[in-house]
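Work through the exercises below with the sequence and the model side by side, trying each task before reading its solution.

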Amino acid sequence: MDVFDAAWWKQAVVYQVYPRSFKDANGDGLGDIPGITSKIDYLASLGVDAIWLSPFYPSNLADGGYDVIDYRNVDPRLGTLGDFDELVAAAHGAGIKVIVDIVPNHTSNCHAMFKAALAAGPGSPERDRYIFRPGQGEHGELPPNGWQSTFGGPAWERVEDGEWYLHLFAKEQPDLNWKNPDVHEEFKRTLRFWSDRGVDGFRIDVAHALAKDLDSRPLADYDDDAVKGQLDVSGTNPLWDRPEVHDIYREWREIFNEYEPPRFAVAEAWVHPNHQYLYASPDELGQVFNFEFAKALWSAADFKHAIHEGLESARRSGSTTTWVMSNHDVPRHATRYALPQVPAVTHHQLVNDWLLRDGRSYFEDRGLGARRARAAILMELALPGSVYIYQGEELGLFEVADIPWDRLEDPQANNSHDAGKIKGRDGCRVPLPWASEDRPAPAPWDARFGDGATGTFGFSESVPSAAGPRHASPHLPQPLWFADFSVDRQEADPGSLLALYRRAIALRRELLTSTGDLEVTWVAPEAFGADPSQVISFSRPCANGVLACITNFGERPEPLPAGKVVLSSAELEGDELPGDATVWMSV
Ligand code: GLC
């Protein structure tokens, strides 16, 4: 068996930390690296195999840290490289691997390379590291073409000397030119830098965008809608999922394999499911996010389809699959499952619409969302492959829909071209509630959000000041209902969602991770009298026999097969599985 076969990450439970909102050790309202280190015990007790840190590098926060100024450093507001080393040591000491985020499609506009590109002027080698082009119109006053950035508004920005640069995301995130060898060198250095510091793996941001075809015809002739073509499988979209992108990852694989064990990587590639597997092949990144759960409505048909797709894609790549219900880019799944499940042209259409109206347009049935979130995690943890958990989902946090517009940070919400049209992604990025008693005092101007200086649900530690111990307000406001979801309260409650996550992850480790990488046997629900349009049922070999996982997506209780209950997301109704519940059974 080669080392790739036995790799630690193939069945791992990975916890995504969004550092600025996880835990603030120095009281400035922003989560930081020492804050994460102080919570390693919490992560160990959750039972996760690894943590993935969203960017903690120096950044102007034009896009939550995904606008990186220096790839080989720590944002001084979040700590130092020394603090990072301590975090890695503490995590490793607790048996937890560390994955960092690499953002190779674009840098910050304040990155030294971009500053040099601006200073050096048109036609210079420095400028060739980015994508600069002359404009259209008599004086080049119009953008090279009509591409719109994914955050809204033109994807081209003009600089003082009249050239335009491409930015598929915010204008503070200029796209790199991956045809330039300096860009390759910069990232190879970065991968080695973190690998040498003991980092175990990398999450590759927008992995499908690096290679671009911008020169085979005049830019003005390209389709204006090309930026929307992320799911195009033809290989002809000039911006996304181009075949040449795989050469870059083959190059990176050589670097990963310089280390023992080889460094791990997972691609964020919002491409068509039929193309995902390419990024995960063993001579490239090794794993790719499968976002089908994150997109699915709460329905047996959607989830069954998502599981099929995930396993099939993994078989094609020769890797394992991944399961993701939430991350820092999508509305929290407890909320998604609490809202009406209405099919739409684009995923999350209804929840985004609801967010736009500050959560007032549709009824968010939190009891229902909570039951479904419990059922969903048991189903997810029973599957083969890696499970990615987004911070706070283990607490059952709902999306914070009513953040005042003037407190939003996300460029999606703040983009002047789309102002007021998208509420953005901040509702899932609100700092975590660690302690229920440390509550913000409701401020008179808005009873929903408190004045952070009085309490932050244990998110910020107070630091000494002339006026006594103080801390700043959290960078995004915490709603008062966070008290009910705090870690301390859930630790005291054996029936809490946190307790279920801990129990299920521990059982998964004990029973399931040693079994075959992709083995799932579908069991027809009719065989035990259940309704196949509402029930998903599969079984897997496990340490002491066979484990069946049965989820009831419907409202009515459904019969179960003969066997012994190992774990259940809800109390059974006699011998039956209630609606919106999952059970693990030894059969
Ligand atoms: C990825 C990140 C997202 C970011 C974008 C641009 O999709 O997950 O948060 O805005 O890349 O870097």
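**Exercise 1. Find the residue that follows helix α9, state the sign of its phi, and then describe the helix itself.**

Step 1. In this predicted model, the residue that comes after α9 is Gly-318, and its phi is positive, near 80°.

Step 2. Going back along the chain, α9 covers residues 300-317, which makes 18 residues, and from its first C-alpha to its last it reaches 26 Å, close to the 26 Å expected at 1.5 Å a residue.

Step 3. The buried residues of α9 include Phe-303, Ala-306, Ile-307, Gly-310, Leu-311 and Ala-314. An α-helix has 3.6 residues a turn, so residues three or four places apart point the same way.

Step 4. The buried residues of α9 pack against several elements, among them α7 (273-279), α12 and β15 (535-542).

**Exercise 2. Decide whether Asp-358 is buried or exposed, and describe its backbone.**

Step 1. Asp-358 is found in the loop between α11 (349-356) and α12 (366-382), and although it is not a glycine, it has a positive phi of about 55°.

Step 2. The cut-off for buried is under 20% relative accessible area, and because Asp-358 has 19% relative accessibility, it counts as buried.

Step 3. Asp-580, in the loop between β17 (564-568) and β18 (581-586), can be treated in the same manner: it is not a glycine, yet its phi is positive at about 55°, and with a relative accessible area of 5% it is buried.

**Exercise 3. Locate the cis peptide bond between Glu-260 and Pro-261, and give its omega.**

Step 1. The bond that runs from Glu-260 to Pro-261 is cis, and its omega is near -5°.

Step 2. Pro-261 itself belongs to the loop between α6 (245-256) and β8 (264-267).

**Exercise 4. Which residues are closest to the ligand, and how much of its accessible area does the protein cover?**

Step 1. Of the 14 residues that surround the ligand, the closest are Asp-63, His-106, Asp-205, Glu-268 and Asp-329.

Step 2. For Asp-63, a side-chain N or O atom is 2.6 Å from an oxygen atom of the ligand; for Glu-268, the corresponding distance is 2.7 Å; and for Asp-329, a polar side-chain atom lies 2.5 Å from a ligand oxygen.

Step 3. On its own the ligand has 300 Å² of accessible area, of which the protein covers 96%.

Technical notes: Residues are numbered from 1 along each chain as its sequence is written. This is a predicted model: local features need pLDDT of at least 70, side-chain atom pairs count only at pLDDT 80 or more; totals for chains, interfaces and linings use all residues. Side-chain values use heavy atoms; hydrogens and water are left out. Helices (H or I, at least four residues) and strands (E, at least two) are DSSP runs, numbered from the N terminus. Buried means under 20% relative accessible area, exposed over 50%, partly exposed in between (1.4 Å probe, protein chains only). The expected span of a helix is 1.5 Å times one less than its number of residues. Contact means heavy atoms within 4.5 Å. A residue is near a molecule or strand if one of its heavy atoms lies within 4 Å of it. A polar contact is a pair of N or O atoms within 3.5 Å; within protein, one must be able to donate a hydrogen and the other to accept it, and residues adjacent in sequence count only if both atoms are side-chain atoms. Accessible areas come from the Shrake-Rupley method with a 1.4 Å probe; for residues, only the protein chains shown count as cover.
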